[in-house]
Amino acid sequence: MPLRVDPEENELRALRRVAIWRRKRVLEIGCGDGRLTLRLARLGAHVTAIDPDVSLIAKARRARPPRFANRIRYQVGKAGKLKFPRQSFDLVIFAWSF
């Protein structure tokens, strides 16, 4: 039986309350397997999601639905070594990471 995180979608409701995600360029730091990334995309965000774990990025890419192919970009990366030009993102999220 697979683990289902937040089946009541409390996290999604909380995300809706803290920002307007539609059409925002979002950097998600520590995306892991992309669970939260998919929720951000469902809210209308264009997400660049990074994680230092190559295997988790590969898993996230495999699980990305085709409809989000142009709105989600996964890449290997670390929070301490961000290589993006200034003003590349409207919002940054760093959740469930350490």
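Okay, let's start in the middle of the fold: strand β1, residues 25–29, pairs with β4 in the parallel sense, over 3 bridges. If you want one spot to look at there, find Leu27, which stands opposite Val92 in β4.

Before we go on, remember that this is a predicted model. The protein averages a pLDDT of 92, and 94% of the residues score at least 70. Among the elements, strand β2, residues 46–51, has the highest mean pLDDT at 98, and helix α1, residues 10–18, has the lowest at 88. A general reminder for reading any prediction: where pLDDT is low, don't read the coordinates in detail.

Now, the whole sheet. In what order do the strands sit? Going across, it's β3-β2-β1-β4, so to speak: 4 strands in an open sheet, with parallel pairing. The edge strands are β3 (72–76) and β4 (91–93), and each of them pairs on one side only. From one strand to the next, the twist averages 20 degrees.

And what packs on the sheet? That's helix α3, residues 54–63, which touches β2 and β3. The direction of helix α3 makes about 160 degrees with that of β3.

Last stop, the aromatics. How many aromatic pairs turn up in a search of the whole structure? The answer is 1. The partners are Phe84 and Phe89, with ring centres 5.0 Å apart. Why is the pair called edge-to-face? Because the ring planes are at 85 degrees, and anything over 60 counts as edge-to-face. As for Phe84, is that residue buried or exposed? Somewhere in between: Phe84 has a relative accessible area of 24%, so we call it partly exposed.

Conventions:
Residues are numbered from 1 along each chain as its sequence is written. This is a predicted model: local features need pLDDT of at least 70, side-chain atom pairs count only at pLDDT 80 or more; totals for chains, interfaces and linings use all residues. Side-chain values use heavy atoms; hydrogens and water are left out. pLDDT is the predictor's confidence in each residue, from 0 to 100. Helices (H or I, at least four residues) and strands (E, at least two) are DSSP runs, numbered from the N terminus. Two strands pair if DSSP finds at least two bridges between them. Axes are lines fitted to C-alpha atoms, for helices over the stretch in contact, and angles run from 0 to 180 degrees between N-to-C directions. Contact means heavy atoms within 4.5 Å. Rings of Phe, Tyr and Trp (its six-membered ring) pair if their centres lie within 6.5 Å; planes under 30 degrees apart count as stacked, over 60 as edge-to-face and the rest as tilted. Buried means under 20% relative accessible area, exposed over 50%, partly exposed in between (1.4 Å probe, protein chains only).
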